[in-house]
Structures are given as C-alpha cells and as structure tokens.
Amino acid sequence: LSSPSGLTHESHKKDVEQVYLRCSEGSIEWMYPTGALIVNLRPNTSPASYKHLTVCIKPFKDSAGANIYLEKTGELKLLVRDGDRSPSKVYCFAYDQGGLFVEATPQQDISRKITGFQYELMNKGIASDLHTVSAPCRPCSDTEVLLAVCTSDFVIRGSIRDVTNEEEEQESIIHVGVSKLYRQKSKVFQLTGESGNWRGQIKTLLECGVKPGDGDFLFTGRMHFGEARLGCAPRFKDFQRMYKEAKDKGLNPCEIGPD
C-alpha cells in the first residue's frame, strides 16, 4: 500500500512525484491530490519477462480528485476519468503499453478528495482468461476443464446454495456449499458455523444467467482483486467422466483424485 499526500505539495501544485512499486499486487491511495503522480511498476522479476505481463487496475468505489492516464514517451491516453462511477470496473493493458500517470483535477477543497485504486500484475494468458471478450459464458471443452483443474487458483466440488444478482455491477454472486476442497490460493472458502460446513462466494457475469439448482459442480477459477472469479464449472458427474477418459488414455495433465 502506497499512500502519498498532496498536502505536502500545497505550495508546489505543479509537482510531479514518482512512486515505485515492487509488488505484483497492491493498492495506491493518494490523499488530497495536487500535481501529479507517476506510478512505476517494477516487479521483482527479470525485465525480459515484462513483455508477458498485463497490468489491471480497479479504482476504489469512492475514488475522486484525479484523472488516471496511460503514459508512454510523453503521450497520454485517458484510462479513468475523475468522477467516473462505474462500479467494479477493471481496466487492463499490456505492461509494455506504458506506465500510469495520475493527474489531480482542480478542486476547491482538496481535503475532501482521495484518489485510489488496486492494481495487479499478471501473466497475459491469465488476464485474457479473466477478461475474455468473446463468449464469456460458453461452456468449457473437456480439455479446458482438465487444464483448469491443474492451473486454477481454486478447485472445489460443491453445490449452488443461492445466487445474488447485482444489476448495478452487472455481476452475479454464487453462494457455494463446498463438499470437497481440492485447492484454494487464498481463504475464500471457509468453515462456517457449528456444523463445520465449508462455504464461499464466487463471482461471474450477470449475463451468464447462473441460477440455483440441484446437483454438484466442479467449480474452478481465479482470484482477482481479492475475489473468486468463476472459470470452468462442469457438472461433477461430467467432470468424473472426462477425467476417467483422459486418465485411461494417459492424457491427464495432472492428478486430482475426483472421487
């Protein structure tokens, strides 16, 4: 978390401050913005790998006081306009497209403004999985499911207990009851209550039309800005079939033990 403050620049409103971030994910919170910030993302990886990286930013819900630009060799491209209230919107670009230039907008009272956003650096392949434009709700092929089992941030067997639709954010929240936890990168699925059941939430696009229903599914997906995002989710009996067929042919990319 980086938290610069514009109040230290009150007498130099045209100041440009450089911020260097070494982590692959985190957040920027610019209090009382004046002047501008140049945000330099310098992950602790080999510079040769930079061309394979995608940067995603997600503005805080109440972020205000500055425009966010993509900057490369002095050219600015507006990314997020001050006052844009698109809830949960994520902006992504290739790492080599440039850096972030955050410029304060003129304010009568800067003490009421805080500009902030979360950021994530990820492999381009993962980013395209999360932000696929073509057919985001299409079912996965057998090969895609088996690969998702090996590479996803979470893999669980479970049922859909309920679905909450958020019209404003154009998202659905799937409330999942977990019967078997194969893997999770962070503790999204947790034991709840005295009954000791595992439960958690997975988000997906509202347009996918997910509804509560009977039966178990194999839920896979990735963590994105602290939230579980749905990837492939076949019915569990279908997963068992495709897993057995691949195993019999020696084509399974990894072992999971689907029983």
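In this predicted model, C92 has a relative accessibility of 31% and therefore counts as partly exposed, since the partly exposed class runs between the limits of 20% and 50%. A disulfide joins C92 to C56, with an S to S distance of 2.0 Å. The two cysteines lie in strands: C56 in strand 4, which covers residues 53-59, and C92 in strand 7, which covers residues 91-94, so the bond ties together parts of the chain that are 36 residues apart in sequence. The link of C56 and C92 is right-handed, with 105 degrees about the S-S bond. Unlike the partly exposed C92, C56 is buried, because its relative accessibility is 0%.

A search of the whole structure finds four disulfides. When the bonded cysteines are counted along the chain, the pairing follows the pattern 1-2, 3-6, 4-7, 5-8.

Another disulfide is formed by C140 and C232, whose sulfur atoms are 2.0 Å apart. This pair links distant parts of the chain, 92 residues apart. C140 is placed in the loop between helix 1 (124-130) and helix 2 (142-151), while C232 is placed in the loop between strand 15 and helix 3 (236-248). The link of C140 and C232 is left-handed, at -90 degrees about the S-S bond. C140 is partly exposed, with 29% relative accessibility, whereas C232, at 10%, is buried.

C150 and C254 are also joined by a disulfide, with an S to S distance of 2.1 Å. Here the bond connects helix 2, which holds C150, with the segment after helix 3, which holds C254; the two residues are 104 positions apart. The value about the S-S bond is -100 degrees, and the link of C150 and C254 is left-handed. C150 is partly exposed at 23% relative accessibility, and C254 is partly exposed at 22%. A further cysteine, C23, has a relative accessibility of 48% and so counts as partly exposed.

Strand 15, made up of residues 227-230, contains R229. The relative accessible area of R229 is 15%, which is under the 20% limit, so the residue is classed as buried. The side chain of R229 makes a polar contact of 2.6 Å with the side chain of E171.

T105 is located in the loop between strand 8 (99-104) and strand 9 (114-123). Its relative accessible area is 16%, so T105 is buried. Leaving aside residues up to four places away in sequence, T105 touches G65, A66, N67 and D82. Of these contacts, the one with D82 includes a polar contact of 2.7 Å between the two side chains. T105 and G65 are 40 residues apart in sequence, yet their C-alpha atoms are 5.6 Å apart in space.

The largest nonpolar core comprises 25 residues. Within this core, the residues with the most contacts are L41, I57, L100, V102 and F117. For L100, the residues touched, not counting those up to four places away in sequence, are L37, I38, V39, I57, I68, Y69, L79, F93 and F117. I57 and F117 thus appear both among the residues with the most contacts inside the core and among those that L100 touches.

Notes: Residues numbered from 1 in each chain as written. Predicted model: local features only at pLDDT ≥ 70, side-chain atom pairs only at ≥ 80, totals over all residues. Heavy atoms only, no water. Core = buried A, V, L, I, M, F, W, Y, C linked by side-chain atoms within 4.5 Å. Buried < 20%, exposed > 50% of the residue type's maximum accessible area, 1.4 Å probe, protein only. Contact = heavy atoms within 4.5 Å. Helix = DSSP H or I, 4+ residues; strand = E, 2+ residues; numbered from the N terminus. Polar contact = N/O pair within 3.5 Å; in protein donor to acceptor, adjacent residues only side chain to side chain. Disulfide = S-S within 2.5 Å.
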